[in-house]
Amino acid sequence: MLDEKVLVTRSSMPPYEEYIEAIRPLWDSHWLTNMGKYHRELEKQLCDYLDVPELSLMVNGHMALELVIQSFGFPEGAEVITTPFTFISTTHAIVRNRLQPVFCDVRAEDGTMDETKIEELITERTVAIVPVHVYGNIGNIEKIEEIAYNYDLKVIYDAAHAFGVKYKGKGIGNYGDASVFSFHATKVFHTIEGGAVASSDHELYQRLYNLKNFGIRGEELVVSVGANAKMNEFSAIMGLCNLNHIAEDIEGRRKLWSKYRERLSEIPGIDFFADNPDAEKNYAYFPILLREEYPAGRDGLYQALQEEGVYARKYFYPIAPDQKCYRKKYGRAEVPVARELADRVLILPFYAEMGQEIQDRILDVIERR
Ligand code: T4K
């Protein structure tokens, strides 16, 4: 049993003094939110890091997704093809916009949307495709975008897990009509809570600005009905500090990732998701898939790890359409691959600071079962 609980992840923290020094100017300026100086600086630095021309910061990834979907003005009840194998936020963002999610199955090799099953789901009511770069995996995005182009559909990527991923040498936020990142405390890069939309459509940013700031365009001018989804200055400064350390953080993850892969590859009954050779990874999560040859099975391993104080997670089980809030509403989705992956997947603890010792103990438990 480990002395301390080991959770699936642990927020990276910049050195205490660095953050304290960085927030000190706020005590002079008293300017804490509403697109302040640090908000603007973070947007600028993130455009560089993510290799995107423009970016709109948001209070969190979910609101970014909800508002970007809203910004396209789809008619109520229109259909959006999406993936069942995701965090519930993706589906909620569609449904809370009064749109109908249509679940497309995923690819066994990487958990991303199965591009060969999209066309059969398209109807005259389909308006968009919302795929997810699940765990930072990049699927067949060329084919998805080709289908969208042929049927005049928008492609909005949920890139919550894909911070910093590059595809064919370009920042992943350059693909589709828009991409949404999450900067939640549990992510590779975080602003405590936060998120952003990236798009190459300049007009979209005007609509997003109105949606995230009450539609206010002047002291006496409100041009549209907007929400409040602005990132505050404390969060923006956390982001700026975390960006200073992102390279070493990702390097720490890479080392742990290689060790996990090396030792787990020796164990019968453990599979991994395939890497896309054209994508540069961000080492966001470490998912494994348990097969019958692994005697304890997924749930047995989950339990055995907990007995040793290690809290792995079953992201994403049950799949979104099987959750209580959707089960009755939309009937049973025909997504056997997603259901099978959800039954087999386990996310192992994985964060730069975890260190070799804890990792070895986790690996020992997995090997013993
Ligand atoms: N789309 C996708 C595909 C997503 O995965 C997400 C979020 C979103 C959209 C929405 O983005 P945000 O609105 O969240 O920006 C966690 C995260 O809260 C969530 O951001 C993330 N996906 C999801 C996959 O994981 P939970 O319910 O598992 O969080 P929780 O509280 O159980 O935390 C997990 C572990 O993280 C803890 O065991 C310890 C560690 N942790 C947690 C917190 C809150 C920390 O180290 N520090 C912390 O402050 O959802």
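**Exercise 1. In which loop does F316 lie? Describe the backbone there.**

Solution. The model is a predicted one.

Step 1. Locate the residue: F316 belongs to the loop between strand 16 (310–311) and helix 11 (324–330).

Step 2. Check the peptide bond leading into F316. The bond from Y315 to F316 is cis, with omega near 10 degrees.

Step 3. Look further along for another such bond. Y317 and P318 are also joined by a cis peptide bond, and its omega is about -10 degrees. P318 is placed in the loop between strand 16 and helix 11.

Step 4. Return to Y315, which is among the residues that come nearest to the ligand.

**Exercise 2. Describe the surroundings of the ligand, starting with the pocket.**

Solution.

Step 1. Place the ligand: it sits in the largest pocket.

Step 2. List the neighbours. There are 26 residues around the ligand, and H62, D158, H161, S182 and Y315 come nearest.

Step 3. Sort the shell by residue type. It holds nine nonpolar, 13 polar and four charged residues.

Step 4. Assign helices. Helix 4 (61–71) and helix 5 (88–95) each contribute at least two residues to the shell around the ligand.

**Exercise 3. Which polar atom of S182 lies 2.7 Å from an oxygen atom of the ligand, one of the side chain or one of the backbone? Treat G61 and H184 in turn.**

Solution. The cut-off for a polar contact is 3.5 Å between N or O atoms.

Step 1. For S182, the atom 2.7 Å from a ligand oxygen is in the side chain.

Step 2. For G61, a polar backbone atom is 2.9 Å from an oxygen atom of the ligand.

Step 3. For H184, an N or O atom of the side chain is 3.3 Å from a ligand oxygen.

Step 4. Add the burial of the ligand. On its own it has 920 Å² of accessible area, of which the protein covers 75%.

**Exercise 4. How many aromatic pairs does a search of the whole structure find? Work through the pair of F163 and F183.**

Solution.

Step 1. The search gives 22 aromatic pairs.

Step 2. F163 and F183 have ring centres 5.9 Å apart and planes at 90 degrees, an edge-to-face pair.

Step 3. Trace both residues along the chain. F163 is in the loop between strand 6 (154–158) and strand 7 (166–167), while F183 is in the loop between strand 9 (178–182) and strand 10 (195–198). The two are 20 residues apart, and the pair links distant parts of the chain.

Notes. Residues numbered from 1 in each chain as written. Predicted model: local features only at pLDDT ≥ 70, side-chain atom pairs only at ≥ 80, totals over all residues. Heavy atoms only, no water. Near = heavy atom within 4 Å. Polar contact = N/O pair within 3.5 Å; in protein donor to acceptor, adjacent residues only side chain to side chain. Areas by Shrake-Rupley, 256 points an atom, 1.4 Å probe, with all protein chains shown as cover. 1 Å grid on protein atoms, 1.4 Å probe; cavity = no way out; pocket = protein on both sides within 12 Å on 5 of 7 lines; lining within 4 Å. Sits in = over half its atoms within 2 Å of the grid points. Helix = DSSP H or I, 4+ residues; strand = E, 2+ residues; numbered from the N terminus. Nonpolar A, V, L, I, M, F, W, Y, C, P; charged D, E, K, R; others polar. Phe/Tyr/Trp six-rings, centres within 6.5 Å; stacked < 30°, edge-to-face > 60°.
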